[in-house]
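Biologist: Please put the model up so that we can go through it by question and answer.

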Amino acid sequence: MKKKKSKKKTSFISKTAMTVLTIILIILFFCIMSMVEKIQGTARVVNYAGLVRGKTQRIIKLEDAGEPQDTMIADVNAYIDGLRNGSSELDLVCLDDRDFQDKMTELAAYFEDLKAEILLVREKGYENTAIIEKSETFFKICDEATGLAEAYSQRKNFRRVCGLRVCPQQSAHDQQQSWPR
């Protein structure tokens, strides 16, 4: 009789432990999925920053060849706006990084200059404009913005993976880098 009671008690403890462990695994699964979603959000920003750079170079090449690219220009405008403000349509998050946001403001302003130069290319031909020089400058700004997005993504993802993100205090460097909330 004692053995039956002991086996029932052991069986109850085992089932309870398995239930608790299963619940913990389910919670961990959802936490990991949430973390992956956040990592993908910053990765998309890096990808779109690179798309702005590459697509703009393609626009310049085709415009120089006499092929207007109004649709691609509108796409790049949407990408830049999404990178600056976030975009549900493009599934872009807004990075809370002052350096990145400042660089995106510079990039948006320079893209306006580049579009004005594209109009001159359409009127006068690329040989009679500064389109090549301006596109090179824009490429460098895009390159810097992409680098800032990559650095931000690596910092944030490192914290998420290492569990440091749950700490309530930020380092002095992070406080300087944070975009106003």
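Biologist: Which residues does Asp64 contact, leaving aside its neighbours within four places in sequence?

Modeller: This is a predicted model, in which local features need pLDDT of at least 70, side-chain atom pairs count only at pLDDT 80 or more, and totals for chains, interfaces and linings use all residues. Residues are numbered from 1 along each chain as its sequence is written, and side-chain values use heavy atoms, with hydrogens and water left out. Asp64 is found in helix α1; helices (H or I, at least four residues) and strands (E, at least two) are DSSP runs, numbered from the N terminus. With contact taken as heavy atoms within 4.5 Å, Asp64 is in contact with Val121, Tyr126, Ile131 and Ile132.

Biologist: Which side chain of opposite charge is nearest to Asp64, and how far away is it?

Modeller: Lys and Arg count as positive and Asp and Glu as negative, while His and the chain ends are not counted. A salt bridge is a side-chain nitrogen of Lys or Arg within 4 Å of a carboxyl oxygen of Asp or Glu. Buried means under 20% relative accessible area, exposed over 50%, and partly exposed in between (1.4 Å probe, protein chains only). Asp64 is buried and has no salt bridge, the nearest side chain of opposite charge being Arg122, at 9.5 Å.

Biologist: Which residues are linked with Arg122 in a network of salt bridges?

Modeller: Glu63 forms a salt bridge with Arg122, with the closest N and O atoms 2.6 Å apart; this pair links Glu63 in helix α1 to Arg122 in helix α3, 59 residues apart. Asp70 also forms a salt bridge with Arg122, at 2.7 Å between the closest N and O atoms, and here Asp70 in helix α2 is 52 residues from Arg122. The residues linked with Arg122 in the network are therefore Glu63 and Asp70.

Biologist: Is Glu63 buried or exposed?

Modeller: Its partner Arg122 counts as partly exposed, at 35% relative accessibility. Asp70 is partly exposed too, with a relative accessible area of 47%. Glu63 has a relative accessible area of 4%, so Glu63 is buried.

Biologist: How many residues apart in sequence are the parts that Asp91 and Arg44 tie together?

Modeller: A search of the whole structure finds ten salt bridges. In one of them the side chains of Asp91 and Arg44 meet, at 3.9 Å from N to O. Asp91 lies in the loop between α2 and α3 and Arg44 in helix α1, so the parts tied together are 47 residues apart in sequence.

Biologist: Which element gives the most residues to the largest nonpolar core?

Modeller: A nonpolar core is a set of buried Ala, Val, Leu, Ile, Met, Phe, Trp, Tyr and Cys residues joined through side-chain atoms within 4.5 Å. The largest one has 33 residues, and those with the most contacts inside it are Val52, Ile80, Leu83, Phe100, Leu107 and Phe138. Two or more residues come from each of α1 (2-64), α2 (70-85), α3 (98-124) and α4 (131-162). The element that gives the most, with nine residues, is α3.

Biologist: Which residues of α2 are buried?

Modeller: The 16 residues of α2 should span 22 Å at 1.5 Å a residue, and its end C-alpha atoms are 22 Å apart, which agrees. That expected span is 1.5 Å times one less than the number of residues. The buried residues of α2 are Met72, Ile73, Val76, Tyr79, Ile80, Gly82 and Leu83.

Biologist: Which residues form one aromatic cluster with Phe138?

Modeller: Rings of Phe, Tyr and Trp (its six-membered ring) pair if their centres lie within 6.5 Å; planes under 30 degrees apart count as stacked, over 60 as edge-to-face and the rest as tilted. Tyr110 and Phe138 are stacked, 6.5 Å centre to centre with 20° between the planes, and Phe111 and Phe138 are tilted, at 5.5 Å and 40°. Both Phe111 and Phe138 are buried. The cluster partners of Phe138 are Tyr110 and Phe111.

Biologist: How many helices does the protein chain have?

Modeller: Read along the sequence, the pattern is α-α-α-α-α. Of the 181 residues of the protein chain, 34% count as buried. There are zero strands, and the number of helices is five.
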